[in-house]
Amino acid sequence: MHRLKTRPQFQAAMAGGTVSRTAHFALHRLVLDAAGSNPASGAASAAAPTGPGSLPPTQGPQALFAVQGVWLGAMVPKRWARRAVTRNTIKRQIYTVGATFEARLPQAAHVVRLRTAFDRKQFVSATSDQLKQAVRAELLQLFGHAARRSGGAAAASAPASPVVAEVVGP
């Protein structure tokens, strides 16, 4: 899994749209085109001139992600998590849970954004086990929904035809 590092990468992934939401988090995804992000794969790109000033007039967000695979970034604003310890704890949970779902996620750039604060009265300590468990449970729900949504369409359409054939045949 690759991590998003630059502001344009985060902006491009956020512009891709929201895939799933929970009470505290939102997951944004920008699907990466396999043909568009690999310049050596297409014949048209091989025939294009190279050198200074030869870049295409419109470069899409694909140019920001040179390597194919799953990209993940975490946005934990100070507005919703005041203490740096809390922000770092939440980011660690995001990257850990994201790594467990890497195989089930499509090749895309993903950004997990904290969109509301966790109640400081309920979670007094910034690194309490209760906060970590609450964050992890919500992230599992967030990534689980996103994985079902991305793989659900292909998985649902494939077994549909054999089931119909069995029902019609006997």
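**Exercise 1. A loop residue**

Is Arg120 buried or exposed? Place the residue in the predicted model and state its separation from Leu131.

*Solution.*
Step 1. Arg120 belongs to the loop that lies between β5 and α5 (129–168).
Step 2. The relative accessible area of Arg120 is 54%. The cut-off for an exposed residue is over 50%, so Arg120 is classed as exposed.
Step 3. Along the sequence, 11 residues separate Arg120 from Leu131, and their C-alpha atoms are 9.8 Å apart in space.

**Exercise 2. The chain as a whole**

Determine how many helices and strands the protein chain holds, and in which order its elements run.

*Solution.*
Step 1. The protein chain contains 5 helices and 5 strands.
Step 2. Read from the N terminus, the elements follow the order β-α-β-β-α-α-β-α-β-α.
Step 3. Of the 170 residues in the protein chain, 34% are buried.
Step 4. Consider the contacts between residues at least 6 apart in sequence: 81% of them link residues at least 24 apart.

**Exercise 3. The sheet and its edges**

Establish the strand order of the open sheet, and explain why one side of β1 and of β2 is left without a neighbour.

*Solution.*
Step 1. The open sheet consists of 5 strands, in the order β1-β4-β5-β3-β2, with mixed pairing.
Step 2. β1 and β2 (18–21) occupy the edges and each has a single partner strand; therefore one side of each has no neighbour in the sheet.
Step 3. At one edge, strand β1 (residues 2–3) pairs with β4 in the parallel sense, over 2 bridges. Within this pairing, His2 is opposite Trp71 in β4.
Step 4. At the other edge, β2 and β3 run antiparallel and are joined by 3 bridges. Here Thr18 is set opposite His28 in β3. The connection from β2 to β3 is a hairpin of 3 residues.

**Exercise 4. Strand β4 and its surroundings**

Describe the burial of β4, the pairing of β4 with β5, and the way α4 lies relative to the strands.

*Solution.*
Step 1. Strand β4 spans residues 71–75, and 4 of its 5 residues are buried.
Step 2. β4 runs parallel to strand β5 (residues 108–114), with 5 bridges between the two. Two bridge partners illustrate the register: Gly73 is matched with Val111 in β5, and Met75 with Arg113 in β5.
Step 3. Helix α4 (residues 84–100) completes a β-α-β unit with β4 and β5, and this unit is left-handed.
Step 4. α4 lies across β1, β3 (25–31), β4 and β5, and runs at about 160° to β4.

**Exercise 5. The nonpolar cores**

Which elements each supply at least two residues of the largest nonpolar core, and which of them gives the most?

*Solution.*
Step 1. The largest nonpolar core comprises 25 residues; Phe25, Ile90, Ile94, Val112, Phe118, Leu139 and Phe143 have the most contacts inside it.
Step 2. At least two residues of this core come from each of β3, β4, α4, β5 and α5.
Step 3. The greatest contribution to this core, 7 residues, is that of α5.
Step 4. Ile90 serves as an example: apart from neighbours within four places in sequence, Ile90 contacts Phe25, Val76, Leu114, Phe118 and Val135.
Step 5. A second core, separate and of 10 residues, includes Ala13, Leu30, Leu32 and Val111.

**Exercise 6. Two residues in helices**

Are Gln93 and Glu138 buried or exposed? Identify the contacts of Gln93 and of Glu138.

*Solution.*
Step 1. Gln93 is part of helix α4, whereas Glu138 is part of helix α5.
Step 2. The cut-off for a buried residue is under 20% relative accessible area. Gln93 has 11% and is therefore buried; Glu138 has 10% and is likewise buried.
Step 3. Beyond neighbours within four places in sequence, Gln93 contacts Lys132, Val135, Arg136 and Leu139. With Arg136, the side chain of Gln93 forms a polar contact of 3.3 Å.
Step 4. With neighbours within four places in sequence again set aside, Glu138 contacts Thr22, Ala23, His24, Phe25 and Phe118. Thr22 and Glu138 are 116 residues apart along the chain, yet their C-alpha atoms are separated by 6.7 Å.

Note on methods: Residues numbered from 1 in each chain as written. Predicted model: local features only at pLDDT ≥ 70, side-chain atom pairs only at ≥ 80, totals over all residues. Heavy atoms only, no water. Buried < 20%, exposed > 50% of the residue type's maximum accessible area, 1.4 Å probe, protein only. Helix = DSSP H or I, 4+ residues; strand = E, 2+ residues; numbered from the N terminus. Pairing = 2+ DSSP bridges. Right-handed = clockwise from strand over helix to strand, strands pointing away. Contact = heavy atoms within 4.5 Å. Axes fitted to C-alpha atoms, helices over the stretch in contact; angles between N-to-C directions. Polar contact = N/O pair within 3.5 Å; in protein donor to acceptor, adjacent residues only side chain to side chain. Core = buried A, V, L, I, M, F, W, Y, C linked by side-chain atoms within 4.5 Å.
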